[in-house]
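Welcome! Here are a few exercises to work through with the model open beside you. Try each task before you read its solution.

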Amino acid sequence: MADGQTGARSDQAVVRTACPYCGVGCGVLATPDGKGGARVTGDPGHPSNFGRLCSKGAALGETLDLEGRLLHPLIGGRRSGWDEAIGLVAEKFDEAIRLHGPDSVAIYASGQLLTEDYYVANKLMKGFIGSANIDTNSRLCMASSVAGHRRAFGADIVPGTYEDLEEADLVVLVGSNLAWCHPVLFQRLSAAKEARPGLTVVNIDPRHTATSELADLELCLRPGSDVALFNGLLNAIEADGAIDADYVATHVAGLPEALGSARRMTPAEVARLTGLTEDELARFYSLWVRNERVVTVYSQGVNQSSAGTDKVNAILNCHLATGRIGRPGAGPFSVTGQPNAMGGREVGGLANMLACHLEIEDDAHRAVVQAFWHSPRICAGPGLKAVDLFRACADGRIKALWIMSTNPAVSLPEADSVRAAIAACPFVVVSDIMAETDTTAVADVVLPAAGWGEKSGTVTNSERRISRQRAFLAPPGEARPDWKIVCDVARRMGWGDAFAYESPAAILREHAALSGVAAGLGRGFDISGLAGLTDDAYEALTPVQWPISAAAAGGRFFATGGFYHPDGLARMIAVEQGPEATPCTAALPLRLNTGRVRDHWHTMTRTAKSPRLSRHMAEPFVEMHPEDAAAAGIAPAGLALVESPHGRLVARAVVTKRTRRGNVFVPMHWTAQWASRGRAGALVRAVTDPVSGQPDLKASAVRVSPFAVGWHGFAMAARPFTPATAYWARARLDGAWQAELADAEAPEDWTAFARDLFGVSGGETVSVVDHARGTARIAIVEHGRVAGALFAAPGPVEVARAHVRDAVRGGATAAEILAGRPGAARKDPGAIVCACFDIGANTILEAIEMQGLVDVAHIGRALRAGTNCGSCLPELRALIARVRPALAAE
Ligand SMILES: Nc1nc2c(c(=O)[nH]1)N[C@H]1C(S)=C(S)[C@@H](COP(=O)(O)OP(=O)(O)OC[C@H]3O[C@@H](n4cnc5c(=O)[nH]c(N)nc54)[C@H](O)[C@@H]3O)O[C@H]1N2
Ligand SMILES: Nc1nc2c(c(=O)[nH]1)N[C@H]1C(S)=C(S)[C@@H](COP(=O)(O)OP(=O)(O)OC[C@H]3O[C@@H](n4cnc5c(=O)[nH]c(N)nc54)[C@H](O)[C@@H]3O)O[C@H]1N2
Ligand code: SF4
Ligand SMILES: [Mo]
């Protein structure tokens, strides 16, 4: 049996694997359909999710098609064989190293590589090329947590487990939209709270988010003021006698200094800096002080900051001072973003880390790694961190760059400059699964990687749990797994012996053995128990939490000290609330926050394939407070131009009080593939945290003005199309493609315009054009079916999107489609809330009102909404809350 996990498996075709999206690390069961697709369900036997999946995991089957996949190596856009492509990469890297030294080349990798891929990339760069110029998108993601952990604990270790969230009496979420970004962990927390209503949840975020729906206390603090907030908490801990003197005396250094720093702020000052009332602060502090079992969960609102590391240590200080760490239901918890963000930290994928948590600055550690690898050389010290690495491309220091499994032309701050730097770099290789991304567009060589479901390896989730990803489909075309591509290049560069792995299992064994050596040097990352894993045992590996060694098996860290500084003590760090790194000015009056939406993943190369995931949000948007919108002359649903000194973006205005005054929020997902000008990264200033080098992606200064257009349009077609208008955003829906459009001058001939848009020259057109009102509705009918429909108006187009989609897909008549909304017998379902069952807000609101539904279980029974993946439950709760006052008034 190929699978050693408990639980019956009668159908041999079912493959146990892990979700490739977020760091929750859910187990999934994939059943290939024999036609290149698969049915995907949650794995009831996996200890991260126990069968649950969120909307993204549930839609994985919709992302497996080969449309847009990169199937062959390309050199300068020309198809080449692997041999030629690998030869060229090796030659260009060799040449740069020979002429300009090892630091003239670089790898930019990703927390979405598997551990085995990541290990060999790191080994090639640090041990054989002999430079530490390998950094990863984890620099944009986890670097501040890594740095904070290392300062406090002496090692990058997450002390707790997911159960702690369920066992806590108080869960504090800081800078984390858990409901949308770690949905299954959020579901576990929600279920625990439902079972035990005494479990209190506090949400600390400048925005009101879906996560807020679960919170008993919401603190919408001023962005960037977390250090002040947690220093205030440390003061309260001291004032209320909550310091655990025994724990601190035996395990912690630095308390007096940390307190000294915190005490400089009075409660009034904390209130002023955070923008919270003293009463709100007192409620939060009293909850924290009273509850021994407290877990503080934090994510990008903490890490992605010019003071990210200090924010992390301000939080860790409070847990160390109270000894609330490593015990059931108590501890700080940095949740990881990507599926293998943690694995990347283990293999030393960051430019300032060595493999297996060894220290890159430590001569003895470097010598040990070199000896273990039998390598000709070893990097001399830390290499370039992501933002600096792309600056080094811009100024000519980097001559050859290899980008793997990440899309920096979108995701780096100052993304326009980064895109230009990549284009300017003399030789750039990109390994990706998709042919057309914003980054492959500026590469010299593009290498086709095997994607999720096609390759095998391991990933480590937020709670240090290692799970297997298993292949259940053959790689398409000539795609190869990333580890193999790296080894092929290493072999061509002359290091065949050191990269002669036959399988990912062999790589993991080596990594595990090195971790045993590292443990011998006092490091905490120890998976030496996997060093002797046979190929069969690797195949059968069940999810397992590290440490995995003769001495230790999983569990928590630090309840009884045992920190990794040489003296075994933890460090509390004296931190102070600093000034804003990028203050707003009269010319740039608004603070730009960026982040995620529920149903898209990063640069959308996979999630935009899924119709169901594109239903939730199909267009880039800018969330702004009504007063800011009014001041800027922005109408709800109008188009807004957002500008910073680094770039510009055009997006739909969502006018809402969810966002604080003076702040705007833009999602990070849209790329040049999906919108005319929707790349949030283009606006973001590349200011970094001085300790971690992580860029501040949450606090740039921008201005917003109306994006002046003469007309707006909405188009739906049966086949893909890309508009050329000044504004456009497209999306793939079930059996149809849609686009929002806008432009300055209305075309003279709408019919010709529509034909051009949809690329249809034949067929007939049906049109309703009202020149006086400036409106037009055009349908192009081909072979008796509507091939495309266009609606245009002087303002944002008011048609029922879901109706038009269903009508085009369902083969409705031109007249039915051009009506723009359903006939009297059917209602417009409104914006889609439940992506699994395609249920809109109007339908739900009406059912709540008409059927008197009062909770999400009622909605589920009445409409099925929220009963599959559960990702929309927070939104359902918000809809109930919207209607409830009306119900109560009756
Ligand atoms: N749906 C979805 N899920 C994902 C991803 C995805 O792309 N899509 N990506 C994954 C990855 S790689 C990551 S790293 C995680 C990220 O997960 P999260 O960190 O939860 O997501 P973000 O939306 O980036 O940011 C979280 C929140 O930080 C808040 N914030 C901004 N500034 C501040 C501040 O100064 N203080 C505080 N306290 N809060 C602030 C923002 O308003 C935002 O709501 O999500 C993972 N999960
Ligand atoms: N403004 C702003 N910017 C941000 C953030 C933010 O909050 N705001 N968040 C930052 C964070 S936390 C993160 S993690 C990054 C994420 O940003 P990126 O890493 O740039 O985003 P992805 O879209 O996940 O890119 C992954 C790429 O790898 C490809 N790929 C998928 N599977 C494979 C595979 O198996 N092998 C290979 N070789 N390629 C594959 C995909 O097609 C895609 O092109 O963005 C960062 N940038
Ligand atoms: S929570 Fe969703 S995205 Fe994250 S691992 Fe689980 S199913 Fe995948
Ligand atoms: Mo991330």
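**Exercise 1. Find which atoms of ligand 1 pair with Lys56, Arg207 and His600 in this predicted model.**

Solution. Start at Lys56: a polar atom of its side chain sits 3.1 Å from a nitrogen atom of ligand 1. Next, take Arg207, where a side-chain N or O atom is 3.0 Å from an oxygen atom of the ligand. Finish with His600, whose backbone supplies the N or O atom, 2.6 Å from a nitrogen atom of ligand 1. With a cut-off of 3.5 Å for N or O pairs, each of these qualifies as a polar contact.

**Exercise 2. Work out how much of ligand 1 the protein covers, and what the shell around the ligand is made of.**

Solution. On its own, ligand 1 has 910 Å² of accessible area, and the protein covers 99% of that. Now look at secondary structure: α6 (178-181), α13 (300-303) and β21 (590-595) are the elements that each give two or more residues to the shell. Then count the surrounding residues: there are 35, with Asp205, Gly224, Ser299, Arg596 and His600 the closest. Sorted by class, the shell holds 16 polar, eleven nonpolar and eight charged residues. By domain, at least three residues come from each of domain 3 (143-334) and domain 4 (590-706).

**Exercise 3. Compare the radius of gyration of the protein chain with that of a compact globule.**

Solution. For 890 residues, a compact globule would have a value near 29 Å; the chain has 27 Å, so the two agree. As for burial, 63% of the 890 residues are buried. Finally, the chain contains 30 helices and 34 strands.

Conventions
Residues numbered from 1 in each chain as written. Chains lettered and ligands numbered in written order. Predicted model: local features only at pLDDT ≥ 70, side-chain atom pairs only at ≥ 80, totals over all residues. Heavy atoms only, no water. Near = heavy atom within 4 Å. Polar contact = N/O pair within 3.5 Å; in protein donor to acceptor, adjacent residues only side chain to side chain. Areas by Shrake-Rupley, 256 points an atom, 1.4 Å probe, with all protein chains shown as cover. Helix = DSSP H or I, 4+ residues; strand = E, 2+ residues; numbered from the N terminus. Nonpolar A, V, L, I, M, F, W, Y, C, P; charged D, E, K, R; others polar. Domains from an automatic or database assignment. Rg over C-alpha atoms; globule rule 2.2 N^0.38 Å. Buried < 20%, exposed > 50% of the residue type's maximum accessible area, 1.4 Å probe, protein only.
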